[in-house]
Amino acid sequence: MTTLRTDLTTPPPRLPVRDRAAARQRAWGGVSPMLGRLATERATGVLVRERGSLYLADGEVVHAESPAVPGLDVLLTARGTLDAAGWRDAVGAAGERSRVGRFLVESGRIGAGALEVCHLGALYDAAYFALSPSGAPGHFTYGDRHWLGPVRPVPVAAVEHETLRRRALLHRIWPDPAPDSAPLLLSGSPAAPTVTARQHAVLALVNGVRTAADIALALARPAFHTLVDVRRLAAAGVIAPKAPPPPAVTAPPPPSASSVSSAPPAPPGTLPPSFADPNITLLKRLRDALEAL
Amino acid sequence: MPGIDECLLEAMRLPGARGAALVDWTSGLALGTVGESPGGDPETMAAEAAELARMAVEHRAFAPEDDDEPAHGFGDGSGDGFGGGATGGPLEQQQDPPVEDLIISNRDSYHVLRFVATSFDSSVFLHLWLARADGNLALARIRLGEMAGRLVLG
């Protein structure tokens, strides 16, 4: 912000300036202010946010769920690690005591290591979405326990830190978040670069309807891991998010004095319609390549 | 059947072991760490090792020659009964990683990265940091392979 020096005898009042350091601290120092407090007081219960829930026990994260990710049951049954009946039996036998995880291991259905690896993957995956920025505040219900029970509790700080690291990782791969949530299209790029085996599996499911979350569910693969491949493929120009359908034509709203300022800000990464030229993807890739030099 | 910590502690009993970690190579997250890390920074170590591991599994040049085409390779779920519906049919079994391990040596230490094959979709490897003076690379490589198998048994 530029400060103008003038020779006025009465200096104008200082304009309010956002404290950038504090703003950054708010934006990056924590993903949910409530979580830090809950960790300090060693709370037990569930934090429900817009895109998912975090289960705490004694101030540590024991489980996370989000509708955006394949759950532990999907990850474990889709490829036959557990059969669906075995999973149901375990939930029936130990769900009320909140000890399904331990029951699975003790009854020999799965090894402790395999369950820990799969569960940690699912926990951080759901937490990434549960802790995504949201307009609505989360609320915490004390005392609620998840029926899975503790598998390998993780400190709140570690989950928050990893969530922020993952956001930065996706941003470094491709700074436009549009492919994360939109239906995906093959862009038919003739010069497709080397596509890895795991990316092939993703590409095989891109059909203009499925989103990254649908593909993750179909592959029984953590959603964040799918996003990493989706953003890489978007960066390479192999896939693109499908443009949202044009809004239905309605009568223009009556003009008002505040109409300019009341327009909702476009989400980051989207462009006003007048700039939505097909070459924009190319230009963005060029810009990113130049910045990376 | 040990958990992650037991597995890492077992790795630390190898002669010359300085640090061990279980790392996810897609996200760069360490699911568990014990002992030291180079520079005292386990997070950076995990992220950098993950980058190296990812390169090794993704490049065809390092896969065995009799491996299938990429479309049917490691971690791929695009089997035949699968093209139709988003949730149609069971997925193929997760296949073994195309690479077993990576070995880095420098003046004072070895790093052994051992890929862990799981029956569910995952991208994890064990990372062992060995002091070169006391470490036995051949032994470490064999033991780490056994541990990777035991970690995810069942």
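Let me start with helix α10 of chain A, where Ala212(A), Ile215(A), Ala216(A), Leu217(A), Ala218(A) and Leu219(A) are buried. Please keep in mind throughout that this is a predicted model. With six of its eight residues buried, α10(A) is mostly covered, and the elements against which those buried residues pack are α3 (72-77), α8 (178-181), β6 (184-186), α9 (197-203) and α11, again in chain A.

I would like to stay with one of those partners, α11. Two packed helices are described by the angle between their axes and the distance between the axes. For α10(A), which covers residues 212-219, and α11(A), which covers residues 223-235, the angle is about 120° and the axes are 9 Å apart. That angle makes α10(A) oblique to α11(A), and the crossing of the two is right-handed. On the α10(A) side the contact involves Ala212(A), Ala213(A), Ile215(A), Ala216(A) and Leu219(A), and these meet Ala223(A), Thr226(A), Leu227(A) and Val230(A) on the α11(A) side. Sorted by class, the residues of this contact are eight nonpolar and one polar, with no charged residue.

What follows α10(A) in the chain? The answer is Ala220(A), whose phi is positive, near 50°, and this residue sits in the loop between α10 and α11 of chain A. Most residues other than glycine have a negative phi, and most peptide bonds are trans. Ala220(A), which is not a glycine, nevertheless has its positive phi of about 50°, and because 23 other C-beta atoms lie within 10 Å, Ala220(A) is buried.

Arg42(A) makes a useful companion case, since here too a residue that is not a glycine has a positive phi of about 50°. Arg42(A) belongs to the loop between α2 (33-40) and β1 (45-49) of chain A. Is Arg42(A) buried or exposed? Arg42(A) counts as exposed, because there are 11 C-beta neighbours inside 10 Å.

Returning to α11(A), we can look at a second helix that packs against it, namely α7(A), residues 156-173, whose axis comes within 8 Å of the α11(A) axis and crosses it at roughly 20°. The two helices α7(A) and α11(A) are therefore roughly parallel to each other, and α7(A) passes α11(A) in a right-handed crossing. From α7(A) the contact draws on Arg166(A), Leu170(A) and Ile173(A), while α11(A) contributes Phe224(A), Leu227(A), Val228(A), Arg231(A), Arg232(A) and Ala235(A). These residues divide into six nonpolar, no polar and three charged. Leu227(A) thus appears in the contact with α10(A) and also in the contact with α7(A).

One more position in chain A deserves a mention before I move on. Gly138(A) lies in the loop between α6 (112-130) and β4 (139-142), and counts as buried because it has 20 C-beta neighbours inside 10 Å. Leaving aside residues up to four places away in sequence, Gly138(A) touches Ser32(A), Met34(A), Leu47(A), Val48(A) and Arg49(A).

Now to chain B, whose secondary structure comes to three helices and five strands, running from the N terminus in the order α-β-β-α-β-β-β-α. Of its 154 residues, 44% count as buried, and among the contacts in chain B with a separation of 6 or more, 51% are accounted for by residues 24 or more positions apart.

Where do the buried residues of α2(B) pack? They pack against β1 (17-24), β2 (30-35), β3 (101-105), β4 (109-116) and β5 (124-131) of chain B. The helix itself, residues 42-58, has 17 residues and reaches 24 Å from its first C-alpha to its last, close to the 24 Å expected at 1.5 Å a residue. Its buried residues include Met45(B), Ala46(B), Ala49(B), Ala50(B) and Ala53(B). An α-helix has 3.6 residues a turn, so residues three or four places apart point the same way.

Finally, α1(B), residues 4-12, and α3(B), residues 137-151, pack at an angle of about 170° with their axes 10 Å apart, and that angle makes α1(B) roughly antiparallel to α3(B). Cys7(B), Glu10(B) and Ala11(B) of α1(B) make this contact with Leu144(B), Met147(B) and Leu151(B) of α3(B), which by class gives five nonpolar residues, no polar residue and one charged residue.

Definitions and conventions: Residues numbered from 1 in each chain as written. Chains lettered and ligands numbered in written order. Predicted model: local features only at pLDDT ≥ 70, side-chain atom pairs only at ≥ 80, totals over all residues. Axes fitted to C-alpha atoms, helices over the stretch in contact; angles between N-to-C directions. Helix = DSSP H or I, 4+ residues; strand = E, 2+ residues; numbered from the N terminus. Parallel < 35°, antiparallel > 145°, perpendicular 65-115°, else oblique. Left-handed = near helix turned anticlockwise from the far one by under 90°. Contact = placed C-beta atoms within 7 Å. Nonpolar A, V, L, I, M, F, W, Y, C, P; charged D, E, K, R; others polar. Expected span 1.5 Å × (residues − 1). Buried ≥ 20, exposed ≤ 12 C-beta atoms within 10 Å, placed from the backbone.
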